Amino acid sequence: QLQASGGGLVQAGGSLRLSCAASGRTFSSYVVGWFRQAPGKEREFVARMRWSGSSTFHANSLKGRFTISRNNAKNTVYLQMNSLNAEDTAVYYCAAASGLGTRAEDYDYWGQGTLVTVSS
């Protein structure tokens, strides 16, 4: 099971850090990804990494503002989001896959999502 948290309301230009905590099973051999879905839009890939910390990859459009990282001791993967703007408003999901995918259909396990709202 994956549990995403850390969303909320933030002003444009601000920062948030999302957390994705794993429980109930081990995801140590999996790839963990972050996706987001804005109202009326398709789910969009944000970033992914192996739970070990390798194979980090960010969507080109978000590189430099968003950073994925992990804390193995806490069994948690993070998404640090900086310089937020209104276009970043979305529900953010973490998910796990057995391979290095960037499509939502590549991922088998999904958290419930956490809402990020950026006010301009």
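A single disulfide bond was assigned in the predicted model, the count under the sulfur–sulfur distance criterion being 1. The bond joins C20 to C94, with an S to S separation of 2.2 Å. The torsion about this S-S bond is about 75°, and the disulfide is therefore right-handed. Of the two partners, C20 belongs to strand β3, spanning residues 16-22, while C94 belongs to strand β9, spanning residues 90-97; the bond therefore ties together parts of the chain that are 74 residues apart in sequence. Both cysteines are enclosed by protein: C20 has a relative accessibility of 0% and so counts as buried, and C94, with a value of 0%, is likewise classed as buried.

The environment of strand β3 was examined further at S19, which is also placed in this strand. The relative accessible area of S19 is 16%, and the residue is therefore buried, given that the class requires a value under 20%. When neighbours within four places in sequence are set aside, the contacts of S19 comprise Q3, A4 and S5, together with W34 and the run T76, V77 and Y78.

With respect to secondary structure, the chain contains 11 strands and 0 helices. The order of elements along the sequence is accordingly written as β-β-β-β-β-β-β-β-β-β-β. Contacts between residues distant in sequence are well represented: among those joining residues at least 6 apart, 56% connect residues at least 24 apart.

The overall dimensions of the chain were assessed from the C-alpha atoms, which fill a box of roughly 40 × 30 × 25 Å along the principal axes. For 120 residues, a compact globule would be expected to have a radius of gyration near 14 Å; the value for the chain is 13 Å, which agrees with that expectation.

Burial and surface composition were then considered for the chain as a whole. Of the 120 residues, 42% are buried, a class that includes C20, C94 and S19. The exposed area of the chain amounts to about 5900 Å², of which 46% is supplied by carbon and sulfur atoms. As to charge, the chain carries 12 positive and 7 negative charges, and the mean positions of these two sets lie 10 Å apart.

Notes. Residues numbered from 1 in each chain as written. Predicted model: local features only at pLDDT ≥ 70, side-chain atom pairs only at ≥ 80, totals over all residues. Heavy atoms only, no water. Disulfide = S-S within 2.5 Å. Helix = DSSP H or I, 4+ residues; strand = E, 2+ residues; numbered from the N terminus. Buried < 20%, exposed > 50% of the residue type's maximum accessible area, 1.4 Å probe, protein only. Rg over C-alpha atoms; globule rule 2.2 N^0.38 Å. Contact = heavy atoms within 4.5 Å. Areas by Shrake-Rupley, 256 points an atom, 1.4 Å probe, with all protein chains shown as cover. Lys, Arg positive; Asp, Glu negative; His and termini not counted. Charge placed at Lys NZ, Arg CZ, Asp CG, Glu CD.
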